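Colleague: I am new to this structure and would like to learn how to read its binding sites. Could you walk me through them?

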Amino acid sequence: SIKDSYGKRYAWYDDSMRATMLEQQEILNEMEFALKDGQFVPYFQPQYNYENGNLIGAEALVRWEHPRKGAILPCKFIPLFERNGFISRMDEYMWEQVCILLENWRDEGLPLVPISVNVSRRDIYNPHLVENILNLLHKYNLSHELLHLEITESAYTQNAEQLVNTVNLLRKHGLEVHMDDFGSGYSSLNMLQNVPVDILKLDMRFLGNDYKNERSGNVLNAVVRMATALRLPVLAEGVETKEQADFLKSIGCLLMQGYFFSRPIKVENFEALLKNKQTNSGLTENNLESIEN
Ligand code: C2E
Ligand code: MG
Ligand code: MG
Ligand code: MG
């Protein structure tokens, strides 16, 4: 009967809700230990200049290497950590791990590229943010150009004044600030006039799979032109195909990151890329291998 089928549906809904809540509760129970235990690890997604093939940097992306569950993706825990504030501690931990790696690489004589770290919308309103980051760079004796900070576009709309002050201060200290997820929000265009930023990160996924679609192409083209007019470099993220990369290049967007080049990779694999850069600059078949990982 109809009643039965409703009953079943509710039962299913309840079960899946319960499963999600249990999963979330488990995450909350385990996060403190996971942090102390070093289970949050940075993976690195390389960034390239597609014109000359040079490795220009990498983004550090957190993975939770759980002893039983394997690598957990950020979408499972970052939203929870943003709500309960734990994100700030996880992020500071991530930034420090990145600084430690940069220090190691420098001491090993590897050619360094700047590493971009993500700064959560919660971190931005931490009054000690700038001080904490400067302390880290000082502790590991790193030049300020080596750490780039990604702030998501939607954070820029919340309390613009405080954010602008923080970003200005960071940039005054020689740190680059990149606007992440550019194009995902609403206020993009007029905001750019007032907000200090060094690079726009445009996510190809916002435009759907249908990048060849004339409208998406026009939007991309317009964004790149506008950014150029404002003297802002654009880094396209989520570049998955050669066609996308070629199209971006044809409209003057040369900086790219995405599965076409490489997935986020483990630190050992990223170190191999740095070593490769030492002997042999430019994009090679080798680099593209990591796409299969
Ligand atoms: P994001 O900062 O915009 O990072 C880019 C995301 O796109 C990453 O997902 C990356 O793996 C994915 N991606 C890159 N290229 C491609 C592609 O060609 N195709 C597709 N389909 N995806 C691609 P990931 O690592 O799952 O991270 C998701 C989001 O979680 C990040 O988006 C960022 O907002 C957040 N996140 C990741 N690590 C951290 C962290 O350490 N701290 C903070 N606060 N947030 C983080
Ligand atoms: Mg990012
Ligand atoms: Mg992004
Ligand atoms: Mg994002």
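Modeller: Gladly! Please keep in mind that this is a predicted model. A good way to begin is with the elements around a ligand: strand S2 (55–66), helix H3 (86–107) and strand S6 (176–182) each supply at least two residues of the shell around ligand 1.

Colleague: How many residues surround ligand 1, and which are the closest?

Modeller: The shell holds 24 residues, and the closest are Asp 91, Asp 180, Arg 205, Glu 240 and Tyr 259. By character, the shell has 10 nonpolar, 5 polar and 9 charged residues.

Colleague: Which side chain has an N or O atom 2.8 Å from an oxygen atom of ligand 1?

Modeller: For polar contacts, look for pairs of N or O atoms within 3.5 Å. Here that side chain belongs to Arg 205. Asp 181 also has a polar side-chain atom 3.2 Å from an oxygen of ligand 1, while Gln 45 places one 3.0 Å from a nitrogen of the ligand. As for cover, the protein hides 84% of the 790 Å² of accessible area that ligand 1 has on its own.

Colleague: And where does ligand 1 sit?

Modeller: You will find ligand 1 in the largest pocket.

Colleague: Let us turn to the metals. Which residues coordinate the magnesium ion (ligand 2)?

Modeller: To read a metal site, list the donor atoms, then see where their residues fall in the chain. For ligand 2 the donors come from Glu 59 (OE), Asn 118 (OD1), Glu 150 (OE) and Asp 180 (OD), at 1.9 to 2.3 Å. Their spacing in sequence is E-x58-N-x31-E-x29-D. Asn 118 belongs to strand S4 (residues 115–119) and Asp 180 to strand S6, so this pair ties together parts 62 residues apart in sequence.

Colleague: Which residue coordinates both ligand 2 and the magnesium ion (ligand 3)?

Modeller: Asp 180 does, and these two ions are 3.9 Å apart. Ligand 3 is coordinated by Asp 180 (OD) and Glu 237 (OE), at 1.9 to 2.0 Å. That pair, too, links distant parts of the chain: Asp 180 is in strand S6 and Glu 237 in strand S8 (residues 234–237), 57 residues apart.

Colleague: What coordinates the magnesium ion (ligand 4)?

Modeller: Both donor entries for ligand 4 are Asp 181 (OD), at 2.5 to 2.8 Å. Asp 181 has its place in strand S6, and ligand 4 is 5.2 Å from the magnesium ion (ligand 2). Notice how strand S6 keeps coming back: Asp 180 in this strand takes part in the pairs we discussed, and the strand also supplies at least two residues of the shell around ligand 1.

Methods. Residues are numbered from 1 along each chain as its sequence is written. Chains are lettered from A and ligands numbered from 1 in the order in which they are written. This is a predicted model: local features need pLDDT of at least 70, side-chain atom pairs count only at pLDDT 80 or more; totals for chains, interfaces and linings use all residues. Side-chain values use heavy atoms; hydrogens and water are left out. A residue is near a molecule or strand if one of its heavy atoms lies within 4 Å of it. A polar contact is a pair of N or O atoms within 3.5 Å; within protein, one must be able to donate a hydrogen and the other to accept it, and residues adjacent in sequence count only if both atoms are side-chain atoms. Accessible areas come from the Shrake-Rupley method with a 1.4 Å probe; for residues, only the protein chains shown count as cover. On a 1 Å grid over the protein atoms alone, a cavity is a set of points where a 1.4 Å probe fits but cannot get out, and a pocket is an open set with protein on both sides within 12 Å along at least five of seven lines; lining residues have an atom within 4 Å of a point. A molecule sits in a cavity or pocket if more than half of its atoms lie within 2 Å of its grid points. Helices (H or I, at least four residues) and strands (E, at least two) are DSSP runs, numbered from the N terminus. Ala, Val, Leu, Ile, Met, Phe, Trp, Tyr, Cys and Pro count as nonpolar, Asp, Glu, Lys and Arg as charged, and the others, Gly among them, as polar. Donors are N, O and S atoms within 2.8 Å of the metal (3.2 Å for Na, K and Ca); water is not among the atoms, so sites may look incomplete.
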